[in-house]
Amino acid sequence: MRYAMAIDTKKCVGCSDCVVACQTENNVPIGYCRDWIVEVVDGTYPQLELEIRSERCNHCDNSPCVRCCPTGASHVEEGGFVLVTHNKCIGCGACIASCPYDARYPHPDGYVDKCTFCMHRVTKGQLPACVATCPTKCMYFGDLDDPNSPVSLVLKNRKHKTLIPEAGTKPQLYYLI
Amino acid sequence: MREELITSGRMNPLVDPQLHIWSWEIPFYLFLGGLAAGILFFAGYYVIMGKEKEYPAAIEKTPLIVPFLLLLGLGSLFLDLNHKLFFWRLYTSIRLQSPMSWGAWVLMVITPVSFIWAAIHIKKTFPKLKWPYAWMDELEKFFTSYKKVIAWIMVIYSLILGIYTGILFSAFNARPLWNTSILGPLFLTSGLSTGAALNIITAKSEYERHKFTRIDLMLIGIELFLIIHIFMGFLASTQVQIDAARLFLGGPYTAPFWILVVFFGMILPGLLEILELRNIKIPVLIPATLVLVGGLLFRFIWTFAGESSRWLY
């Protein structure tokens with residue numbers, strides 16, 4: 001089992017509903033966020049290209065945050081969820097410094113926090129809050145090992161990319177382009 | 001032109017707009033750890049070589065402050081933690097892939113060893129000192145009879161302590177400035193150099209002082225070589241590492257690094273040490289203090305600059 005997410009940059013309008021859904025679902029403290037929207041404008045007027053991306057932890061296959069954690073608080077769960085066990089985390093910040101996507105932050109309670117791919121929902125058969133909320137249905141979530149899962153199907157049919165693959169982390173967030 | 005905007009307002013404290021998860025505590029600890037490693041290395045090395053008579057300051061006197069340095073370092077590491085009450089979790093697991101984990105375990109070994117070393121030598125500096133209990137005298141005798149073994153443990157663990165502080169950084173592929181394997185040897189050399197500098201201050205005999213002046217001069221030479229090497233490596237590497245090097249080659253860290261660390265922390269003390277070896281009267285406190293302050297600033301600058309270097313996407 002390998003959960004992954006695909007996000008259609010052609011459909012995303014950058015409304016930030018996914019950000020608010022995540023903050024509500026996961027009780028993210030005010031002033032913090034586990035996912036966010038990036039707009040990239042490329043080119044010279046009038047030939048401009050706009051790409052809108054909803055970004056979050058990439059739940060990397062080769063995750064530097066898990067590697068550098070001195071206590072084993074950062075770990076990979078069955079299915080590829082990269083998580084932090086709160087009562088094992090000492091808040092040293094090594095994983096925060098090790099993430100090339102800056103996807104982690106220190107929770108005001110001390111431990112390090114991040115996107116969990118909403119594992120608590122996924123294990124109950126629900127979609128992550130951001131995917132379930134997206135009004136343009138531009139996000140796909142599922143098991144890459146299942147060829148009929150929404151994410152496998154869309155990755156089969158669409159051109160896609162990951163963010164900074166050259167960092168060697170094998171990210172599992174795919175952007176349809 | 002390419003413009004990238006985070007429109008949903010991500011402003012996670014200590015992460016945005018620029019990573020600042022590590023403040024003064026980490027570079028301060030890295031300096032103290034390197035200094036402690038340097039002092040313990042020379043003390044252990046000269047005992048193993050059977051040169052206790054020639055280097056009394058390096059073996060007996062300077063190591064007396066190492067327990068304080070390490071406790072201060074551990075204290076600042078503790079202050080850095082955001083989830084402080086769980087610090088003991090470091091000692092419920094051994095994670096070989098995490099330099100921070102082996103650092104924690106190395107400190108677990110070297111801190112008590114530094115106390116033992118100071119305890120079996122303290123009477124040489126403070127002859128009137130007496131242990132309050134008889135069993136402490138027994139313990140002192142016991143450890144003194146194993147002095148060479150302790151010296152070996154100190155040499156090995158001080159080298160690991162000195163080099164791991166650099167490897168800790170170089171293991172972070174996400175921070176291009178840190179992500180260079182030269183950093184381990186460079187931090188080790190700098191730590192040994194600060195240790196030698198402190199020995200120059202505490203040495204009473206000219207023989208010992210000149211020996212550590214020569215050692216420090218050699219270490220400064222190695223440091224300069226490694227620094228040139230690091231930048232050559234960056235400039236021949238990928239765009240992110242070229243950008244990281246530019247932080248120091250025209251970027252915001254240019255003046256602090258080249259003037260304060262390289263000139264005042266290495267070149268100037270090196271020149272003063274050469275003059276001192278040629279028997280021109282130079283107060284030894286000047287070059288040695290410059291080396292120590294340079295070593296401290298080097299850690300601060302490299303930590304903060306590294307946090308500001310990142311991948312672009």
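A salt bridge here is a side-chain nitrogen of Lys or Arg within 4 Å of a carboxyl oxygen of Asp or Glu. The legends below apply this rule to a predicted model.

**View 1. A buried salt bridge in chain A, Glu51(A) to Arg53(A).** The two side chains meet with N and O 2.8 Å apart. That distance is within 4 Å, so the pair counts as a salt bridge. Glu51(A) has a relative accessibility of 17% and is therefore classed as buried, the limit being under 20%. Arg53(A) is buried too, at 1% relative accessible area. The pair belongs to a network of salt bridges that links Glu51(A), Arg53(A), Glu55(A) and Lys161(A). Over all chains, the search of the whole structure returns 18 salt bridges.

**View 2. A salt bridge between the chains, Asp102(A) to Arg310(B).** The closest N and O atoms lie 3.3 Å apart. This pair crosses from one chain to the other. Arg310(B) sits in the segment after helix 11 (285–308) of chain B. Asp102(A) sits in the loop between helix 3 (94–98) and strand 6 (105–106) of chain A. How accessible is each partner, Asp102(A) and Arg310(B)? Asp102(A) is buried, with a relative accessible area of 3%. Arg310(B) is partly exposed, at 31%.

**View 3. The interface of chain A and chain B.** Here 49 residues of chain A are in contact with 41 residues of chain B. The size of an interface is often given as the accessible area lost when the parts come together. For these two chains the buried area is about 3,900 Å². Carbon and sulfur atoms give 55% of that area. The rule finds two salt bridges across the interface.

**View 4. A salt bridge between distant parts of chain B, Glu52(B) to Lys147(B).** The closest N and O atoms are 2.9 Å apart. Glu52(B) lies in the loop between helix 1 and helix 2 (56–61). Lys147(B) lies in helix 6. The partners are 95 residues apart in the chain. Glu52(B) is partly exposed, with a relative accessible area of 30%. Lys147(B) counts as buried, at 10% relative accessibility.

**View 5. The largest nonpolar core, around Trp302(B).** This core has 102 residues. Trp22(B), Phe248(B), Phe257(B) and Trp302(B) have the most contacts inside it. Helix 1 (residues 25–48) of chain B gives the most to this core, with 16 residues. Which residues does Trp302(B) touch, not counting those up to four places away in sequence? They are Phe169(B), Leu177(B), Trp178(B), Leu183(B), Ile230(B), Phe231(B), Phe234(B), Phe248(B) and Phe257(B). In soluble globular proteins, nonpolar side chains tend to be buried together.

**View 6. A second, separate nonpolar core.** This core has 36 residues. Among them are Ile7(A), Ile52(A) and Phe117(A) from chain A, and Tyr313(B) from chain B.

**View 7. A nonpolar patch on the surface of chain B.** The patch consists of Tyr133(B), Trp135(B), Leu139(B), Phe142(B), Tyr146(B), Val149(B) and Ile153(B). Together they have about 720 Å² of accessible area. Helix 5 (134–145) and helix 6 (147–170) each supply at least two residues of the patch. Which helix gives the largest share? Helix 5 does, with three residues. Leu139(B) is found in helix 5. Leu139(B) is partly exposed, at 39% relative accessible area, and patch residues must have over 30%.

Technical notes
Residues are numbered from 1 along each chain as its sequence is written. Chains are lettered from A and ligands numbered from 1 in the order in which they are written. This is a predicted model: local features need pLDDT of at least 70, side-chain atom pairs count only at pLDDT 80 or more; totals for chains, interfaces and linings use all residues. Side-chain values use heavy atoms; hydrogens and water are left out. Patches are made of residues with over 30% relative accessible area and no salt bridge: like charges are joined within 9 Å, nonpolar side chains (Val, Leu, Ile, Met, Phe, Trp, Tyr) within 5 Å. Accessible areas come from the Shrake-Rupley method with a 1.4 Å probe; for residues, only the protein chains shown count as cover. Helices (H or I, at least four residues) and strands (E, at least two) are DSSP runs, numbered from the N terminus. Buried means under 20% relative accessible area, exposed over 50%, partly exposed in between (1.4 Å probe, protein chains only). A nonpolar core is a set of buried Ala, Val, Leu, Ile, Met, Phe, Trp, Tyr and Cys residues joined through side-chain atoms within 4.5 Å. Contact means heavy atoms within 4.5 Å. Buried area is the accessible area (1.4 Å probe) that two parts lose on being put together, summed over both.
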